[in-house]
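User: Could you walk me through this model and the reasoning behind the labels you use?
Analyst: Gladly! Have a look at it here, then ask away.

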Amino acid sequence: MQKDPFVLRHLAELTPELWWLDEDPLEPAYQPALIGDVGADLCVVGAGYTGLWTALLAKERDPERHVVVIEQYETGAGASGRNGGFCSSSLTHGFRNGMRRFSSEMPIIERLGRENLDEIEKTIERYAIECDWERTGELQVAIAPWQFASMPEEARLRNEMGDHVEVLDRDQVRARIHSPLYEGALFDADGTAMVDPARLVWGLERACLALGVTIYENSKVDWLEDVDDAVRVHAPYGAVTAARVALATNVFPSLVRKARKYVVPVFDYEIVTEPLSDEQLASIGWSGREGVADAGNQFHYYRLTQDRCILWGGYDAIYNFRGKVQRNYEFNAETYATLASHFLKTFPQLAGIKFTHAWGGAIDTCTRFSPFWGSAHRGKVAYVLGFTGFGVASTRFGAATMLDLLDGLDTERTRLRMVQKKPLPFPPEPLRWIFIRFTQWSIKRADEREGKRNVWLRLLDAIGLGFDS
Ligand SMILES: Cc1cc2nc3c(=O)[nH]c(=O)nc-3n(C[C@H](O)[C@H](O)[C@H](O)COP(=O)(O)OP(=O)(O)OC[C@H]3O[C@@H](n4cnc5c(N)ncnc54)[C@H](O)[C@@H]3O)c2cc1C
């Protein structure tokens, strides 16, 4: 536990609350719960990005389709309302992870990822979604020389595949953002946008409603029943009988039991500062307002918000024994202190700043760290899961592909090996806990030993389970 009184003083005004949901006039009115039985062409379970994109795209493809969304809490109650708002073109949790797993398909996947991000931008314009969209690009900063070593090669490969990536040396990156830790960076000029995550999810909700989608909140789906050529989706006070069902339930227990072994909830945390004064802002530069992530295996991500606060998250990724999604796991004093301490090392000139908000959320981690798809009930039900902390943009791609599968379409998306193949499942408990904790310990050690991977990590790399930031 962090005991340094200097660091802890910065947490004196911290409230364990979700900053994005703080008194926002753009938050839509509640939708009613599902009471009684209704019919639909498509029933979507879950009202985060995946569910709302599925509903929106379904209506755009066929305005006559009757689409119903059922959410157990309220729209955006899951990861979609509480993330860092990095909206990235990567569909594979970063380029290097994609290359490890789908190298021959990466030119297509990268292009589809860029098209996906462009389509998100167009949708935001089309429906006038107020979500503070800023296409700032992203800096991946090296905070140790070994992290910089592979950047020129990554830039070369990515640019060959159509990305626009630039290598910045120590002076160039420090000229943009003034941190004594930076050793260089990769700057992806247009592959990432910053967004207010809650406003994006609410905007998608409004767009869905405007197109005639029916949304039910506070209606937890308990089970699915196969009925002839449809599926009945059962909630406590009613049911939807639908020809097709799209499951967009992310890290929560899947309604398709056989999908559960592929995903574990790993908790990720964020803290936010008070708004920076002109002087404080001048002391760090950052006029490009880029999203920033460091290139460690255990990495931080951080960004400026519209009102000049800094959101700082990542690093600790906590898996709890038996992997439950529980509210009490969303608050973690020890991690908040770790985050504050790393923040102050990165920006020592901001010493004295106050952190005001802190929270956490569960990430749907799978062993390949990027989404996978599946179907059940003889193709009437489909799901997409496993975004592993990289889903603000890729959920739209996940949703489009899930609709292709439900509609029985043969598309460029459905032909991808990435879409057709599932990740390796996690072992059952207690092996699961030991596997994840030992891997995390090894990753931490690799960061401390200039990226050198121990035997365990090399073994995982060899069987396709390796993780490289
Ligand atoms: C702290 C944190 C930071 C992150 N930062 C980033 C980032 O900066 N960039 C990025 O790309 N990604 C980030 N992510 C990941 C990203 O937020 C997710 O990948 C994305 O939001 C997933 O969207 P979703 O719709 O699939 O899931 P969710 O938003 O979790 O939605 C699933 C919904 O399904 C509902 N549901 C589940 N089960 C049922 C049921 N049985 N009946 C009815 N409803 C049900 C849930 O209540 C929930 O609302 C972050 C995640 C976290 C937790």
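User: Which element gives the most to the shell around the ligand?
Analyst: That is E16, which contributes 3 residues to the shell. Do keep in mind that this is a predicted model. Strand E16 (355-365) is listed with helix H2 (49-61) and strand E12 (264-273), each supplying at least two shell residues.

User: What makes the pair between asparagine 250 and the ligand a polar contact?
Analyst: The cut-off for a pair of N or O atoms is 3.5 Å. A polar side-chain atom of asparagine 250 is 2.9 Å from a ligand oxygen, so the pair qualifies. The backbone joins in too: a polar backbone atom of tyrosine 49 sits 3.0 Å from a ligand oxygen, and a backbone N or O atom of glycine 85 is 3.3 Å from one. As for cover, the ligand taken alone exposes 1,000 Å², and the protein buries 98% of that.

User: How do you know that the length of helix H8 agrees with what is expected?
Analyst: Happy to show you! H8 (residues 197-210) has 14 residues, and at 1.5 Å a residue it should span 20 Å. Its end C-alpha atoms are 20 Å apart, so the two values agree.

User: And why is H8 called largely enclosed?
Analyst: A residue counts as buried when its relative accessible area is under 20%. In H8, 11 of the 14 residues are buried, so the rest of the structure largely encloses this helix. Among those buried are Trp202, Arg199 and Glu205.

Conventions. Residues are numbered from 1 along each chain as its sequence is written. This is a predicted model: local features need pLDDT of at least 70, side-chain atom pairs count only at pLDDT 80 or more; totals for chains, interfaces and linings use all residues. Side-chain values use heavy atoms; hydrogens and water are left out. A polar contact is a pair of N or O atoms within 3.5 Å; within protein, one must be able to donate a hydrogen and the other to accept it, and residues adjacent in sequence count only if both atoms are side-chain atoms. Accessible areas come from the Shrake-Rupley method with a 1.4 Å probe; for residues, only the protein chains shown count as cover. Helices (H or I, at least four residues) and strands (E, at least two) are DSSP runs, numbered from the N terminus. The expected span of a helix is 1.5 Å times one less than its number of residues. Buried means under 20% relative accessible area, exposed over 50%, partly exposed in between (1.4 Å probe, protein chains only).
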